[in-house]
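Work through the exercises below with the structure open. Try each task before you read its solution.

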Amino acid sequence: MDYPVLSFSIWVPVFAGILVLATGSDRNAPLARWLALLGSIAGFVATLPLFTRFDRADGGFQFQEGADWIPAFNIHYHLGVDGIAVPLILLTSFTTVIVVLAGWEVIQKKVAQYMAAFLIMSGLMIGVFSALDGILFYVFWEAMLIPMFIVIGVWGGPNRVYATIKFFLYTLLGSLLMLVAFIYLYHQTNSFELIDYYQLPLPLTAQILIFFAFFMAFAVKIPMWPVHTWLPDAHVEAPTGGSVVLAAIMLKLGAYGFLRFAMPIAPDAAHYLSGFMITLSLIAVVYIALVALVQQDMKKLIAYSSISHMGFVTLGLFIFNPLGLEGGIVQMISHGFVSGALFLSVGVLYDRVHSRQIKDYGGVVNTMPTFAAFAVLFAMANAGLPGTSGFVGEFLVILGALQANFWFAFLAATTLIFGAAYTLWMVKRVFYGNVGNHHVAELKDLNKREFLIMAILAVMVLGFGLYPQPLTEMTHATVNQLLAHMAQTKIPVGL
């Protein structure tokens, strides 16, 4: 079975999206929905060999594919994945199936365009995780903004135009500096190959400038404090599917960028600036958790909790030990499932009541007991309850931080208190107590489609919480290789 697995993983959902788009008007909406579901499942199946055939003892790049693209500038169509990229690709293809199912009955206008946007975006994001050529990475990185821009701008809320433009400008401006860094590295190596960049010795000043160029692109995407302000607006205005993809996958692209580019290309700068990165991460963990505590809108509360949890990821990456790095990666995957499930839960309520305000609910457990059971499970996972996937990553990062500095671990551990506070505050007011109003009294519990989505996500959250080994086993060799690479100085002799 020797075929280009990565090209299939990228282009199957993209071509499926184009096929869905070809169904045209809403008269063909049922056909568009079924084609989108088949396309998303085919995309997920295409990525499964990455998990089954991945050599866990070898932490290097596997499934490599290469072809000339623009020979005049030495630009190649070069793909490959390691133990960090594979789980993120699987998360992307899995989430796409969930998003197509979630929008099945909810989206009634421009159905083909909505489904196609997510399928094409899925392929482009897998391209980001697979690219080993700087320009190829940049093209995928920028291209995936377009479907998300359209999804928020067309199917979003009343302030969607403001939110889309803010989202686009923030992410685009950061990315331009990344392109400048690639051009500088090309002049040093006459190549856009990532492998060549890893071997390039650079003076510390050049490394710091390159690190900051990458930092501007990746910090906005995560998003780190203080460039996080676009995310709550984008989440609030996005349709449910847009919020799920934004939280589950798009935020991970920034952390992946640090792991794949900023840290291994400029390792000395990464060590030199680790205090700066840890400070920003801890501000996100503590301060943004407090901001989440005062939110009245459920989507905004979950959006701020996402920023706080991604602060945990960057903290894990920049304490430079195996526990912290693996904890950060586990947290990325866990957050993908948990935050995606929480946004879907809000979507279920919004479809019925057309409000995201916490004060408009109360006593939902009385009318929707099955839904309330799932939603409370996901909320507890968000707070880091042991036995759920939310606990594993946070626990590993706190252990790693403890090895580095007691106060890092102490401040990071406050998220277990603040996370429980804002999560329980929302759960108590939305789900428990007396029935809040006549809208809540008339609510219908989950239908079969919604139950299937919630059940699948619950299995993933509990599965990774109780048995995270398949994930840690896959990342282990790659993490050790990355740390070994970063321990070797890349400053030229004599400088």
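Buried means under 20% relative accessible area, exposed means over 50%, and partly exposed lies in between. The model is predicted.

**Exercise 1. Salt bridges**

Find the salt bridges, place their partners in the chain, and classify each partner by burial.

*Solution.*

Step 1. Search the whole structure. Three salt bridges turn up. The cut-off is a side-chain nitrogen of Lys or Arg within 4 Å of a carboxyl oxygen of Asp or Glu.

Step 2. Take Arg352 and Glu450. Their side chains meet in a salt bridge at 2.8 Å, N to O. Arg352 sits in helix α15 and Glu450 in helix α21 (residues 448-466), so the pair links parts of the chain that are 98 residues apart. Arg352 has 26% relative accessibility and is therefore partly exposed. Glu450 has a relative accessible area of 7%, so Glu450 is buried.

Step 3. Take Asp82 and Arg260. The N to O value of this salt bridge is 2.7 Å. Asp82 lies in the loop between β2 (75-81) and α3 (85-102), and Arg260 lies in helix α11 (residues 240-265), so the pair ties together parts 178 residues apart in sequence. Asp82 is buried, at 4% relative accessible area. Arg260 is buried too, at 3%.

Step 4. Take Arg56 and Glu473. The closest N and O atoms of this salt bridge are 3.9 Å apart. Arg56 is in the loop between α2 (29-52) and β1 (62-70), Glu473 is in helix α22 (residues 469-487), and 417 residues separate them. Arg56 is partly exposed, with a relative accessible area of 21%. Glu473 is partly exposed as well, at 37%.

**Exercise 2. The largest cavity**

How many cavities of 30 Å³ or more are there? Describe the lining of the largest cavity.

*Solution.*

Step 1. Count. There are four cavities of 30 Å³ or more.

Step 2. Size the largest cavity. Its volume is about 70 Å³.

Step 3. List the lining. It is made up of Met298, Ile302, Leu342, Ser345, Val346, Leu349, Phe371, Ala375, Met426, Val430 and Phe431.

Step 4. Assign the elements. At least two lining residues come from each of α14 (298-317), α15 (322-353), α17 (369-382) and α19 (406-431). The most come from α15, which gives four.

Step 5. Sort by class. Ten lining residues are nonpolar, one is polar and none is charged.

**Exercise 3. Two pockets**

Describe the largest and the second largest pocket by volume, lining and residue class.

*Solution.*

Step 1. Start with the largest pocket. About 650 Å³ of space lies in it. Its lining has 31 residues, and those closest to its centre are Val106, Pro239, Thr240, Tyr350 and Asp351. The elements that give two or more residues are α6 (145-155), α10 (230-237), α11, α15 and α21.

Step 2. Find the main contributor. α15 gives the most to this lining, with six residues.

Step 3. Sort the lining of the largest pocket. It has 16 nonpolar, eight polar and seven charged residues.

Step 4. Move to the second largest pocket. It holds about 280 Å³ of space. It is lined by 14 residues, and Phe51, Leu90, Phe337, Met460 and Phe464 are the closest to its centre. At least two lining residues come from each of α2, α3, α15, α21 and α22. The largest share, four residues, is from α3.

Step 5. Sort the lining of the second largest pocket. It has 14 nonpolar residues, no polar and no charged.

**Exercise 4. The nonpolar core**

Which residues have the most contacts inside the largest nonpolar core? Trace the neighbours of Phe214.

*Solution.*

Step 1. Size the core. The largest nonpolar core has 189 residues.

Step 2. Name the residues with the most contacts inside it. They are Phe211, Phe214 and Phe258.

Step 3. Find the element that gives the most to this core. It is α11, with 17 residues.

Step 4. Trace Phe214. Leave out residues up to four places away in sequence. Phe214 then touches Met178, Ala181, Phe182, Leu185, Phe261, Ala262 and Ile265.

How values were computed:
Residues numbered from 1 in each chain as written. Predicted model: local features only at pLDDT ≥ 70, side-chain atom pairs only at ≥ 80, totals over all residues. Heavy atoms only, no water. 1 Å grid on protein atoms, 1.4 Å probe; cavity = no way out; pocket = protein on both sides within 12 Å on 5 of 7 lines; lining within 4 Å. Points joined across faces, edges and corners; volume = space filled by probe spheres on them. Nonpolar A, V, L, I, M, F, W, Y, C, P; charged D, E, K, R; others polar. Buried < 20%, exposed > 50% of the residue type's maximum accessible area, 1.4 Å probe, protein only. Core = buried A, V, L, I, M, F, W, Y, C linked by side-chain atoms within 4.5 Å. Contact = heavy atoms within 4.5 Å.
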